[in-house]
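Reader: Could you walk me through this fold before I set anything up?

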Amino acid sequence: MNIHPRPFDHPDAVELNAQVQLEYAERYGDEGDVTPLDPSMFRPPNGLYLLAYDALDRPVATGGWRAQDHNDLGYSDGDAELKRMFVIPEGRGNGLARRILAALEDDARAAGRTRMVLETGDRQPEAIALYTSSGYSPCEKFGHYRTYESSRCYAKPLR
């Protein structure tokens, strides 16, 4: 598997985002994640978006981070927010999410971010298992879904 930086609006990223939105909609019975996102949020040095490709150069996994600082949505200065971590069903179980997560953490750390944060939901036990086994701990809720009972927020110091 090869992992490459790509713009958030790259056609392969758009394709995988559509797939993850369908999965969110299926799991939660709604329209998917409606958190406002813009491609500029993932441009270095204030973010990064990664795509993983298989041996046939097909996009199979994605993930990104965007800089956040103290604001009304509950973020803290120095936060890097993890977004759109996703592996297509046929690519799961091969450690791709863990590789992307580590690369995103390294990049956010190099950019001077002090904490990686993420929001997931209670109907994503695989994601929760990945994050907790990677050193993330529950934290105070933040972001677009902070008032939702199903929302789960996690954080990990980067320094």
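Author: Sure, here are some questions and answers on the sheet, the helices, the core and the salt bridges.

Reader: First things first: in what order do the seven strands of the open sheet run?

Author: Keep in mind that this is a predicted model. The pairing in the sheet is mixed. Strands E1 (2-5) and E6 (137-138) are the edges, each pairing on one side only. Reading across, the order is E1-E2-E3-E4-E5-E7-E6.

Reader: And which residue is the bridge partner of Leu 118 in E7?

Author: Strand E5 (residues 115-121) and strand E7 (residues 151-157) pair in the antiparallel sense, over seven bridges. In E7, the partner of Leu 118 is Tyr 154.

Reader: At what angle does helix H1 run to E4?

Author: H1 covers residues 11-28 and lies across E2, E3, E4 and E5. The buried residues of H1 pack against those strands, E2, E3, E4 and E5, and among them are Leu 16, Val 20 and Tyr 24. Relative to E4, H1 runs at about 85 degrees.

Reader: Which element gives the largest share of the largest nonpolar core?

Author: That core has 35 residues, and Leu 82, Met 85, Leu 104, Met 116 and Tyr 131 touch the most other members. H1, E2, E3, E4, H2 (96-110), E5 and H3 each supply at least two residues. The largest share, six residues, comes from E2.

Reader: On to charges. How far apart in sequence are the parts tied together by Asp 33 and Lys 83?

Author: Asp 33 and Lys 83 form a salt bridge, with the closest N and O atoms 3.6 Å apart. Asp 33 is in the loop between H1 and E2, while Lys 83 sits in strand E4, so the pair joins parts separated in sequence by 50 residues.

Reader: Is Asp 69, the salt-bridge partner of Arg 113, buried or partly exposed?

Author: The closest N and O atoms of Arg 113 and Asp 69 are 3.4 Å apart. Buried means under 20% relative accessible area, and Arg 113 counts as buried at 14%. Asp 69 has a relative accessible area of 36%, which means it is partly exposed.

Reader: Last one: which residues are linked with Glu 23 in a network of salt bridges?

Author: A search of the whole structure turns up 12 salt bridges. Glu 23 is one of the buried residues of H1. Linked with Glu 23 in the network are Arg 27, Arg 92 and Glu 126.

How values were computed. Residues numbered from 1 in each chain as written. Predicted model: local features only at pLDDT ≥ 70, side-chain atom pairs only at ≥ 80, totals over all residues. Heavy atoms only, no water. Pairing = 2+ DSSP bridges. Helix = DSSP H or I, 4+ residues; strand = E, 2+ residues; numbered from the N terminus. Contact = heavy atoms within 4.5 Å. Axes fitted to C-alpha atoms, helices over the stretch in contact; angles between N-to-C directions. Buried < 20%, exposed > 50% of the residue type's maximum accessible area, 1.4 Å probe, protein only. Core = buried A, V, L, I, M, F, W, Y, C linked by side-chain atoms within 4.5 Å. Salt bridge = Lys/Arg side-chain N within 4 Å of Asp/Glu carboxyl O.
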